[in-house]
Amino acid sequence: MIADLSLYLVTDPELCGERGVVETVRQAVDGGVRVVQLRDKKATDAETAAQLIELSRVIDGRALLVVNDRLDAALAARAAGARVDGVHLGQGDVSVLRARAELGAGALIGLTANSRAHLDAALALPEGSVDYLGVGVIRPTKTKPDHPPALGVDGFRAFAAASPLPCVAIGGVGIDDTEVLRDAGAAGLAVVSALCTAPDPAVAAAAFVRQWRAAGVPRVLSIAGSDPSGGAGVQADLKSIAASGGFGMAVITALTAQNTQGVRAVHVPPTGFLREQLDAISDDIVIDAVKIGMLANAEVIRTVIDWLDSVRPPIVVVDPVMVATSGDRLLDAEAEHALGELLTRADVITPNLGELAVLVGRDVHGWDDALAAGSVLSAAVGARVLVKGGHLVGADAPDALVGDGAIVEFEGARIATGNTHGTGCSLSSALATRLARGEAPADAVAEARAWLRESLRESEALAVGQGHGPISHFAGLWARGGLETRPTAEDIAAEWWASIADIRSEIDELPFIRALADGTLDRDAFVFYLAQDALYLREYARVLAEASRLAPTSAEQAFWANSAHGSIVGELELHASWLTPEAGVSAATFAAEHAPATLAYLDHLRATAFGGDYAELIAAILPCFWLYDDLGRRLHAGEFGEYARDPRHPYASWLATYADPAFEQATVQAIAYVSQTAATVTPERRTIMRRAFETAAAHEREFFAAPLCG
Ligand SMILES: Cc1ncc(COP(=O)(O)OP(=O)(O)O)c(N)n1
Ligand SMILES: Cc1nc(C(=O)O)sc1CCOP(=O)(O)O
Ligand SMILES: [Mg+2]
């Protein structure tokens, strides 16, 4: 079995203080610790073995128990009947090979490693010798005064990337490190002081677990029957898990021949094969939650119970499939009895009203009575019960989460649809997934329920089958553009640039550009162009300032503000350099009226700016950066003739400004901001952005054309 190392407590008798190691462990395991390492440097082997025996009783299989350094104590405790799962060994402790030989193939053996040499040595051992590496310290810590130099998160990331063995991060780890260490490749977090000194280790551990779950994609296993029509059973579970943000896996307990009109036949594979399926998953994959659905008979149920007891998945949601919508009982008496045993392993049970009645052994009449029955069942099995009102008569379809002495009700009008096939399977899988994502139980129910109701409302669009059709598991995703493959920012930039290829070619062929390049451009035409450019820049600066105002990040805000500043400076420089006697340009000529092309371009920019949509606005702003930068670099490179590079060129100083490296850098940044924004918006908004970009590019062409055509 692969170990769940997500939260790993290493004990320290001094840090546990008056509360003691045993009580600290009890509370930390209540909170979700998955591995406990007894570490007591001062205890004798006999004392360590005695502590292991006591801890094994307190932990009661809810977490794995290993001992630091003391292989002999582990063996002694085992001999006395304690469940000791393994050892954690340092570089100077007994050899891993001896520990493996003495403890056996199923033991959990960890090894400390914090350098390339340690890693290479661990990898040189026969395969299966070491189960995980304890890698640290992440930060300096007083708990181990002789600790090696700190790796930091980056050092840990590099180590984990090189290690095929799971790496547990240790040393100075606190709750705020959870997300970043999981992202850095940690298979788990090993902590001493963060839990041993916590005022309430259960609360502290639960907080770690929530953060850990929220930082990854949960691996959720459905153990249920197959519905070939796809609306219920493992097929529905897999869709629900995926729609709720999890990775779904399925172990099939029974094959049914069914469709939306009913079940025709059931085939139950041998339970030996069921166990093979279950072990194949748990030997390889850390399971974050299990959802259990149809279990055909007592033998199947007992097989699942045995497996659950050996693996102890952290979250178990049971949908006790035992009463058909018709009211028929689906399980015989022996199986119903075994199911009662299974329910004591559950965290949440999701019976329909008929199943609730069977489970409490009496009829249930109406909603209030259902809540009372839910409380009885919750107390009897020690799990929360999601009491579902879907089978009530009337316009309301409430649900309630009952347990821990509280009832949280969720109201809702019944959704008028006959497409109810598989709603129970779907809701319980969505709930298991949301719990595995670290959501609090009531929040998880609220979210799963909202998703189910949306999937019910949109089910008509599916038109699957003649009977009770399935829900539309991905309706929400589809409505939010989830079918579109999200292009990367680089893809978008390339696609948009290609989309204005014709405009770019037309600009290259304009008489104005050709004459500017070869120096034959008429002086009046050039002055006309500059005057229009000055008029343009003044307004463009205002539009850039608006982009800065709307920007979602301070970096973007600063960038567009700087660009606005650059535009104003550019405009002032134009006036200063051309309104001179030597240039022979009069203020009257230079302060010309807006030409139609200038006006049209500015109207486009102002319309997007005052529309208040940041994404569209920056898309419209971009061509002015990109086309000028591209043209400037190509002029400078001699693509339009060598003469454009000649210092004696009549417009040499002007051409030089086109190829300014600072402007090139700003253009790269502008392209990045626009394309990154485009990559995050919906496809519809991306189309609007692209249209704004293409329109602005066409205005650029007209702007360049105007001096010789207008
Ligand atoms: C999970 C984990 N990783 C590393 C250690 C350190 O073990 P070791 O190197 O043997 O040092 P001591 O704990 O013996 O001081 C650990 N205990 N647990
Ligand atoms: C026991 C131990 N081993 C380490 C290693 O790097 O090998 S660091 C460490 C102590 C970690 O304690 P805390 O969580 O209080 O910082
Ligand atoms: Mg050691």
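**Magnesium site and ligand 2 pocket**

Student: What makes D69 and D93 the protein donors of the magnesium ion (ligand 3)?

Tutor: D69 (OD) and D93 (OD) lie 2.0 to 2.4 Å from the magnesium ion, and donors are N, O and S atoms within 2.8 Å of the metal (3.2 Å for Na, K and Ca), so both qualify, although water is not among the atoms and sites may look incomplete. The pair links distant parts of the chain, 24 residues apart, with D69 in the loop between β3 (64–68) and α4 (71–79) and D93 in the loop between β4 (86–89) and α5 (96–103); helices (H or I, at least four residues) and strands (E, at least two) are DSSP runs, numbered from the N terminus.

This is a predicted model, in which local features need pLDDT of at least 70 and side-chain atom pairs count only at pLDDT 80 or more, while totals for chains, interfaces and linings use all residues. Residues are numbered from 1 along each chain as its sequence is written, chains are lettered from A and ligands numbered from 1 in the order in which they are written, and side-chain values use heavy atoms, with hydrogens and water left out.

Student: Why is D69 called buried?

Tutor: Its relative accessible area is 17%, and buried means under 20%, exposed over 50% and partly exposed in between (1.4 Å probe, protein chains only), so D69 is buried.

Student: Why does D93 count as partly exposed?

Tutor: D93 has 28% relative accessibility, which falls in the in-between class, and therefore D93 counts as partly exposed.

Student: What makes the approach of T141 to ligand 2 a polar contact?

Tutor: An oxygen atom of ligand 2 is 2.6 Å from an N or O atom in the T141 side chain, and a polar contact is a pair of N or O atoms within 3.5 Å, so this pair meets the cut-off.

Technical notes: Polar contact = N/O pair within 3.5 Å; in protein donor to acceptor, adjacent residues only side chain to side chain.
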